[in-house]
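This report looks at how the strands are arranged and where nonpolar residues gather. The sequence and the model are shown first.

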Amino acid sequence: MKSTVSDANGVVSVDFYLDDVRIGSAADVTNPALDIVSTNYLEGLHKIGVVATDVAGNTASVSVNNIMFDNTAPNVSLSASTTAAGGWYCNMTIGFSDPGDALVARSGIASASMSHISLNPNPTVYAVGPDAGSKVQLINISNTQTVSVSATDRAGNVTSKSYSVNLPFEGGVCSVL
Ligand SMILES: [Ca+2]
Ligand SMILES: [Ca+2]
């Protein structure tokens with residue numbers, strides 16, 4: 001986190017607080033900053049505060065409530081939803097969600113992608129909202145192929161998985177192995 005402070009006669013210290021507990025001081029009072037490792041704290045909403053002290057000992061403070069620490073990576077899954085009736089294709093559905101209570105511990109899905117090595121080397125990235133459902137992508141496959149899925153939440157946590165998917169050469173039922 002970063003803060004901006006100023007004082008006509010000089011600032012001597014800038015202290016940072018998390019949930020009203022002092023957790024550190026700025027090394028440089030002209031550009032106050034402190035890194036917080038969110039995984040050292042409980043997931044959910046927190047209060048962050050800053051106290052600046054001038055040469056005369058006067059203090060000024062500011063705080064911000066409801067800063068979310070999201071320490072849990074999203075869930076991702078893959079399913080085959082359509083048979084390959086007469087064609088070398090099936091509909092693959094990527095499912096994704098960000099676990100946690102909707103109002104507290106979940107930052108929401110920022111993006112999700114699906115890639116298929118042999119036909120689509122570049123992942124298709126969907127722009128999705130925090131509570132978006134699954135997306136569908138048509139993928140041409142034959143026999144056993146690998147499909148990779150990934151989801152990223154708004155806090156930057158990523159989950160990636162790879163699945164073997166089977167489609168019989170001439171029609172048949174697509175299946176995630
Ligand atoms: Ca002053
Ligand atoms: Ca999350």
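The sections below describe a predicted model, taking a sheet, one of its hairpins and the nonpolar cores in turn.

## The four-stranded sheet

In this predicted model, four strands form an open sheet with antiparallel pairing, and their order across the sheet is β2-β1-β3-β4. Because β2 (21–25) and β4 (59–69) each have a single partner strand, they stand at the edges, and one side of each is left without a neighbour in the sheet. Direction ignored, neighbouring strands of this sheet are turned against each other by 25° on average.

## The β1–β2 hairpin

Strand β1, which covers residues 11–18, runs antiparallel to β2 and is joined to it by four bridges. Within this pair, F16 stands opposite G24 in β2, while D15 stands opposite S25 in β2.

Two residues lie between the strands of the hairpin of β1 and β2, where D19 takes a positive phi near 55°.

## Nonpolar cores

In soluble globular proteins, nonpolar side chains tend to be buried together. Here the largest nonpolar core has 13 residues, and I94 and F96 are those with the most contacts inside it. At least two residues of this core come from each of β5 (75–80), β6 (89–97), β7 (109–116) and β10 (143–153).

Another core, of five residues, lies apart from the largest one, and among its members are F16, A26, V50 and A52. F16 therefore links two parts of this description, since the residue that stands opposite G24 in β2 also belongs to the five-residue core.

Terms used: Residues numbered from 1 in each chain as written. Chains lettered and ligands numbered in written order. Predicted model: local features only at pLDDT ≥ 70, side-chain atom pairs only at ≥ 80, totals over all residues. Pairing = 2+ DSSP bridges. Axes fitted to C-alpha atoms, helices over the stretch in contact; angles between N-to-C directions. Core = buried A, V, L, I, M, F, W, Y, C linked by C-beta atoms within 7 Å. Buried ≥ 20, exposed ≤ 12 C-beta atoms within 10 Å, placed from the backbone.
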